[in-house]
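User: Could you take a close look at one part of this model for me? I would like to hear about the charged side chains and whatever surrounds them.

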Amino acid sequence: MHGRIGGAAVPVLRRVVLTQLALTLLAAGSGAAQERNLTVSGRGTLEGGRFGTRVVREVRLTLRDNAEFRATIVLPNTTILVTGTWRRPGMGNVDQLILRDVSGAAARGSGSLVYAGRDRGTARRLTLDWSARDGDYTLRMRGTGADDDDDRPGSGWSAGAGTQVYRNIDARAQGDGVARMSGVRGGGAFSIVRARIGTGGDVIVDVRDPTRGEIHGRVRRVDGGRVEVAVRSMFGYTASGTLTIRLRSADEVLAINGDGTGERGSWTLAFDGRGLPNDYLELRPRDDLDDTDIAGRGLDADERGRGTFTQTARTVVDLSRATVALDRRGTGRIIFETRRDRVTVDGRWNASSDGRVTFEVRRINDRSASGTLTIRRARRTFTSIEGDGLMQGGRFAIVFAAR
């Protein structure tokens with residue numbers, strides 16, 4: 001196909017390409033980065049630090065094409081400015097955020113911005129987690145103007161009907177979740193789930209990163225992409241109640257919600273998926289991975305041993321087991337078990353070439369803390385954990401040696 005300008009025939013396709021190239025060069029030479037401006041208005045909360053829980057009215061975001069972003073969190077009486085960088089892995093509808101500065105002070109954290117569609121025109125959900133000098137913070141914001149079609153399973157897809165599951169399902173998702181159990185210090189926030197639902201009716205739900213555990217049950221009812229589960233155990237404790245799993249497909253979890261009672265008291269669980277995780281870690285390391293590859297695959301190990309957890313040089317707790325879960329994104333959790341309770345330590349980690357892992361402590365038993373632990377590795381497990389720091393109420397020290 002040709003066009004005619006001044007009597008000369010010019011290929012239309014070539015003309016379009018040259019015009020687009022000229023506009024691209026003009027934009028590149030202008031020195032001005034393009035940007036997108038979004039506002040997430042709806043239901044939100046900001047938790048942590050000195051303020052407890054505060055209502056968030058809206059968050060105004062600017063994302064520039066040079067990978068910088070800024071977010072203004074609007075509270076009832078003030079605003080908080082957050083800046084950092086952003087990136088979009090793959091072709092999905094999620095932008096990943098890295099926080100560098102909060103209200104003019106250095107901070108360290110991450111988050112995600114989920115869109116209602118792939119055109120990035122409407123923000124559906126915003127999550128920010130960061131640590132600063134005055135404490136740890138968590139922002140959860142859900143927009144009210146988003147298209148809810150993304151919250152429904154795909155058209156025509158069904159997991160089964162009645163009490164029958166049509167096929168074995170192994171669905172996963174990355175998102176925002178929390179599990180609570182009365183009388184047990186285990187549980188807390190998690191970001192990855194895996195739901196295995198068999199045609200025979202058995203159900204196993206794995207949660208992890210940083211909290212990890214399993215929920216076992218039986219299929220009670222199936223209605224399209226919704227599976228209702230009668231819970232039998234929760235994180236190793238006998239339990240009862242109902243867990244509802246919403247599936248987008250046989251491979252992806254949309255959401256999980258449930259509650260009930262157990263041998264230690266009541267329990268609740270809620271999870272809102274953002275999509276399939278690109279870097280999902282299996283519950284155990286593969287045998288064909290070399291022990292030097294901790295930076296690429298993380299560490300997941302459980303060892304019996306002996307140790308102590310000392311607080312303010314007075315309270316001493318005897319430790320009998322330690323579980324180390326380090327994910328490949330640099331966050332981790334260490335759970336120390338005693339005869340009656342658990343000590344849960346959350347933080348971030350870095351590996352060195354001499355077989356050691358430096359673990360920066362952020363929280364102990366859901367309370368703010370700071371300090372450093374040294375984990376000594378031996379192939380795919382660990383031999384010892386040792387370190388100290390500060391927590392609410394004074395200093396702490398941890399010493400643990402695996403058998």
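Analyst: Happily; what follows starts with the salt bridges and then moves on to a cavity, the aromatic rings and two loops.

A word on the ground rules: this is a predicted model, in which local features need pLDDT of at least 70 and side-chain atom pairs count only at pLDDT 80 or more, while totals for chains, interfaces and linings use all residues. Residues are numbered from 1 along each chain as its sequence is written, and side-chain values use heavy atoms, with hydrogens and water left out.

Let us begin with the charges. Side chains of opposite charge can pair when their charged atoms come close. The structure holds 15 salt bridges, a salt bridge being a side-chain nitrogen of Lys or Arg within 4 Å of a carboxyl oxygen of Asp or Glu. One of them joins D136 to R363, with 3.6 Å from N to O. D136 sits in strand β11 (residues 135-143) and R363 in strand β26 (residues 356-364), so this pair ties together parts that are 227 residues apart in sequence. Strands here are DSSP runs of E with at least two residues, numbered from the N terminus. D136 counts as buried, at 15% relative accessibility, whereas R363 is partly exposed at 25%. For these words, buried means under 20% relative accessible area, exposed means over 50%, and partly exposed is in between, with a 1.4 Å probe and protein chains only.

Next comes strand β17. In the salt bridge between R218 and D202, the closest N and O atoms are 2.8 Å apart. R218 belongs to β17 (residues 213-224) and D202 to strand β16 (residues 202-210), so the pair ties together parts 16 residues apart in sequence. R218 is partly exposed at 28% relative accessibility, and D202 is partly exposed at 48%. R221 also lies in β17 and is partly exposed, with a relative accessible area of 46%. The C-alpha atoms of R221 and G160 are separated by 8.9 Å, and these two residues are 61 residues apart along the chain. Another salt bridge brings together the side chains of R220 and E228, at 3.8 Å from N to O. R220 is partly exposed at 39% relative accessibility, and E228 is partly exposed too, at 26%. Elsewhere, a network of salt bridges links R108, E360 and R362.

Strand β16 leads us on to the empty space inside the model. Rolling a probe the size of a water molecule over the atoms shows where empty space is left. On a 1 Å grid over the protein atoms alone, a cavity is a set of points where a 1.4 Å probe fits but cannot get out, and lining residues have an atom within 4 Å of a point. Grid points are joined across faces, edges and corners, and a volume is the space filled by probe spheres set on the points. The count comes to two cavities of 30 Å³ or more, and the largest cavity holds about 60 Å³ of space. Its lining is made up of R208, D209, P210, R212, A325, L326, D327, T331 and G332. At least two residues of that lining come from each of β16, β23 (315-326) and β24 (331-337), and β16 gives the most, with three. By residue class, the lining has three nonpolar, two polar and four charged residues; Ala, Val, Leu, Ile, Met, Phe, Trp, Tyr, Cys and Pro count as nonpolar, Asp, Glu, Lys and Arg as charged, and the others, Gly among them, as polar.

Now for the rings. A search of the whole structure finds four aromatic pairs, where rings of Phe, Tyr and Trp (its six-membered ring) pair if their centres lie within 6.5 Å, with planes under 30 degrees apart counting as stacked, over 60 as edge-to-face and the rest as tilted. Among them is the pair of F190 and F271, whose ring centres are 5.8 Å apart with planes at 10°, so the pair is stacked. It links distant parts of the chain, with F190 in strand β15 (residues 188-197) and F271 in strand β21 (residues 265-275), 81 residues apart. F190 is buried, with a relative accessible area of 3%, and F271 is buried at 3% relative accessibility. A charge meets a ring as well: the charged end of R36 sits over the ring of W86, 5.5 Å from its centre. That wording requires NZ of Lys or CZ of Arg within 6 Å of the ring centre and within 35 degrees of the ring normal.

Finally, two loops deserve a glance. F235, in the loop between β18 (226-234) and β19 (237-247), has a positive phi of about 55° although it is not a glycine, and F235 is buried at 11% relative accessibility. A67, in the loop between β5 (58-64) and β6 (68-74), is not a glycine either but has a positive phi of about 80°; A67 is partly exposed at 29% relative accessibility.

Conventions. Helices (H or I, at least four residues) and strands (E, at least two) are DSSP runs, numbered from the N terminus. On a 1 Å grid over the protein atoms alone, a cavity is a set of points where a 1.4 Å probe fits but cannot get out, and a pocket is an open set with protein on both sides within 12 Å along at least five of seven lines; lining residues have an atom within 4 Å of a point.
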